[in-house]
Amino acid sequence: MNVFGIGLPEMAVIGAIALLVFGPKRLPEFGRTLGKTLKGFQAASKEFEREIHKTMAEPESIEQAATEEFKQQDTNAISETPQEAKNPPAG
């Protein structure tokens, strides 16, 4: 078992020190708080990872939409004639 690069012997030592520092009454409360905190970090990490993947996928769709918009503007510019060409100035 290896959590955060810490093996079972190291975890036992940390647990024994925590038991001495916090005492048997406060240790379960401390464990619950630590568990909730780690669970919150894990959820935040997963959300951050999802956002990164989403952001990395977006540039392709944004680039494609921009290309289509540019083509549409280009088509509109070609199909429209300037006002001067429609009504030449009387001279």
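User: UniProt positions are given in the numbering used here, and annotations may be inferred rather than shown by experiment. Which residues does UniProt list for "transmembrane region"?
Analyst: The model here is predicted. The UniProt entry is unreviewed. For "transmembrane region" it lists residues 6-23.

User: How far apart are the end C-alpha atoms of residues 6-23?
Analyst: This stretch is 89% helix and 0% strand. Its end C-alpha atoms are separated by 23 Å.

User: Are the rings of Phe22 and Phe30 stacked or edge-to-face?
Analyst: A search of the whole structure gives one aromatic pair. The ring centres of Phe22 and Phe30 are 4.3 Å apart, with planes at 20 degrees. Planes under 30 degrees apart count as stacked. The pair is therefore stacked.

User: Is Phe30 buried or exposed, or partly exposed?
Analyst: Buried needs under 20% relative accessible area, and exposed needs over 50%. Phe30 has 35% relative accessibility, so Phe30 is partly exposed.

User: What accessible area does the nonpolar surface patch with Phe30 and Leu34 have?
Analyst: Leu34 belongs to helix α1, residues 8-79. Its relative accessible area is 42%. Leu34 and Phe30 join Phe4, Leu38 and Phe41 in the patch. Together these residues have an accessible area of about 560 Å².

User: Which residue forms a salt bridge with Glu47?
Analyst: The structure holds one salt bridge. Glu47 and its partner both lie in helix α1, three residues apart, about one turn of the helix. The closest N and O atoms are 2.6 Å apart, within the 4 Å cut-off. The partner is Arg50.

How values were computed
Residues are numbered from 1 along each chain as its sequence is written. This is a predicted model: local features need pLDDT of at least 70, side-chain atom pairs count only at pLDDT 80 or more; totals for chains, interfaces and linings use all residues. Side-chain values use heavy atoms; hydrogens and water are left out. Rings of Phe, Tyr and Trp (its six-membered ring) pair if their centres lie within 6.5 Å; planes under 30 degrees apart count as stacked, over 60 as edge-to-face and the rest as tilted. Buried means under 20% relative accessible area, exposed over 50%, partly exposed in between (1.4 Å probe, protein chains only). Patches are made of residues with over 30% relative accessible area and no salt bridge: like charges are joined within 9 Å, nonpolar side chains (Val, Leu, Ile, Met, Phe, Trp, Tyr) within 5 Å. Accessible areas come from the Shrake-Rupley method with a 1.4 Å probe; for residues, only the protein chains shown count as cover. A salt bridge is a side-chain nitrogen of Lys or Arg within 4 Å of a carboxyl oxygen of Asp or Glu. Helices (H or I, at least four residues) and strands (E, at least two) are DSSP runs, numbered from the N terminus.
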